[in-house]
Amino acid sequence: MPFLHAHRLGKSFGEVRAVDGVSFEVQAGELYGLLGPNGAGKTTTISMIAGLLKPDAGEVTVDGTPFWSDPQRAKRIMGVVPQELALYEELTARENLEFWGRMAGLTPRDARQRAGELLAALSLTDRARDAVKTYSGGMKRRVNLGCALLHHPKLLLLDEPTVGIDPQARLNILEFIRGLRANGTAILYTTHYLEEAETLCQRIGIIDHGRLLAEGTLGELQERLGGDRLFVLEGDLSGAQPDAWPGFRERFRVIQQAEKQLVVAAVGQRDPSDCLKELLALPVRAENVTLKRPSLNDVFLQLTGRDLRE
Amino acid sequence: MRRILDIGHNDLRVFFKSKTAYVWLFIVPFAFVYFMGFASRGPGDPANPRPPLLVENLDTNFLGRIFLDELGAQGMAIVDPTNRAAAERGLRIPADFTQRVLNHQQSKVEFFETEGSGAGNAAMIELRVVRALIAINSHLIEVATQHGESGLTDEAAFRAVMHAPNPVNLNAHFAGRKPVPSGFNFSLPGNLVMYLMMNLLIFGGAALAGERRNGVLRRLAVHPVRRGELVMGKIYGLMLLGAVQIAFFLAVGKFVFGVNLGANLPAVTLTLLVFAWVAGSLGVLAGSVLKAEDRVVGVCVLASLAMAALGGCWWPLEIAPDALKVIAHCLPTGWALDALHQLISFGSGFGAVVKPLAVLLVFGGVANLLAARFFRV
């Protein structure tokens, strides 16, 4: 039984359909990534799961119980890390952790003890007595994460927890999250960083314009492109017309076509060297042809026709 | 219940991390209480003024000394000739004053204006000199009645008559209307009510808007905290802030400005706590209805100043036109001051503030309900 089940969630704000029929499941000990550009509907989805928004349609089930049949129960077993730094910046890290621990239901003594453990785990013990407003962005992000972990949540919702911090700080946080997953926590992780989704998540859902376009492991999503490699032709491709090239559509699938670049995937299991020969024989002025492993961006590109980084 | 207390205690801790809080909770109100109290107390203490009178006592006999003591008993500060500049008027007692009085002869006591003195307290001094002279004559008659002619030369007999309780006392009160609160008796409750309303509205509203902006309220809402607990926790935090300010004001009023808080300190405290609940609820309401912090601050400053002025914090309602009194009693500030003046200035008991307290409770209940209705994360 999945620990979290989002079933055909829908939410509109006036005329805008922010989330439209989104369904997915997260198992205990699984890290599920919801990948999409800004405005795709990730935060709205996570807000419905956390109980901040009531869905217009669909249902959220946490640990086998519909969320809205007993919201307090669901909230007791989940931890939420919001995208914004929702902290009392005038207070110290320890004061913040202890307060949020008490809000999660811990006794003052347990909150104090657990705050000490988390400060150590997040490498913040040395600065525990300093006001959060004096911290670097990465340290604030760590406190922001820690505030959701006081009560050992079985389900953790992370809404873009690494936004706006340097690469090293991001790596530290990602490593910490991997440790949480290993402890059996079910984790829903939203991000618009491809690398995070690729390296961190066991399964990934790709969301855009409020709809879940595809989901699966990285390998399964790559498989949608027809294998584990893509061919990239670079040069003057402004006049290229793949439909006019005899037999091209039967052998290749176009992933992206631009003035100076054409990205294609081979159809079926074929020898890469044969594919390269066929591509070099095309009636275009290709200056460079390269082979690469398909990325999530390529999957997104194929699904939406645009680059996730745009 | 535990979460309400936790939220309130945490909010109080956050408030006191800000230096601005200390300025507006303690320093500015202290300055205003002092300034307004000083400005509204008049040229001297109206309850017991002691105008300075220069006395040149040339009489070495006992009636000169008796006369000096009687002048003091009539509320005169006696200044000796070495300190002439301090006196507002002068009195010269002739050398043969005792001798002439005992010989049933008139004695001329000279009342004169001292150099550089104005009209200020002249009439009051003259009145008190006349009262002292009448008193001396009364003492003469009483001693002669009790001891006969021979008793008139006995200073001890005179002093015994002087210190005996008066057979008739006049107990004077203001007729028809109450006296006007003045000095620190006015400025302390006025400023306390004004700054409670101002601080709880502004700090409460702005803090709530700020927590909504940075996501703290949403974070609270994803915890197992009920909406009612959240609203009550926020109001409780503001009431704690109010309680700190109330304790500070009352301590400063009593020990620094010497305000007599009356015999009903528990009733004063209860009134102020109920008022803090009203103001805290209005603060949460303002922070719920208004979105941006700067807008909250702007609206709350205007609202609290208007309520302070119209409610009688800046001038006593006792001297205000009737229309202003009606307006004041449409506002919680007016009712709070009504109760405080009854307790502090007029010495009334708890019974006199039951009605103001009931009205404040209605204000608080309505504000609390509206705050809960419009509260949003």
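Domain bounds here come from an automatic or database domain assignment. The model is predicted, so to speak of local features takes pLDDT of at least 70, and side-chain atom pairs count only at pLDDT 80 or more, while totals for chains, interfaces and linings use all residues. Residues are numbered from 1 along each chain, chains are lettered from A, and side-chain values use heavy atoms, leaving out hydrogens and water.

**Exercise 1.** Find the domains of chain B and say how far apart their C-alpha centres lie.

*Solution.* Start with the split: domain 1 covers 2–42 + 184–374, and domain 2 covers 52–163. Next, go from one C-alpha centre to the other: that's 54 Å.

**Exercise 2.** Work out how much area chain B and chain A bury between them, and which three residues of chain B supply the most.

*Solution.* First, contacts (heavy atoms within 4.5 Å): 24 residues of chain B meet 26 of chain A. Then the buried area, meaning accessible area (1.4 Å probe) lost on putting two parts together, summed over both: about 2,400 Å², with 57% from carbon and sulfur atoms. Finally, B:Arg219, B:Val222 and B:Pro224 lead any other three, with 29% of what chain B buries against chain A.

**Exercise 3.** Count the salt bridges between chain B and chain A, and describe the one at B:Arg218.

*Solution.* A salt bridge puts a side-chain nitrogen of Lys or Arg within 4 Å of a carboxyl oxygen of Asp or Glu. The count is four. B:Arg218 pairs with A:Glu84, their closest N and O atoms sitting 2.3 Å apart.
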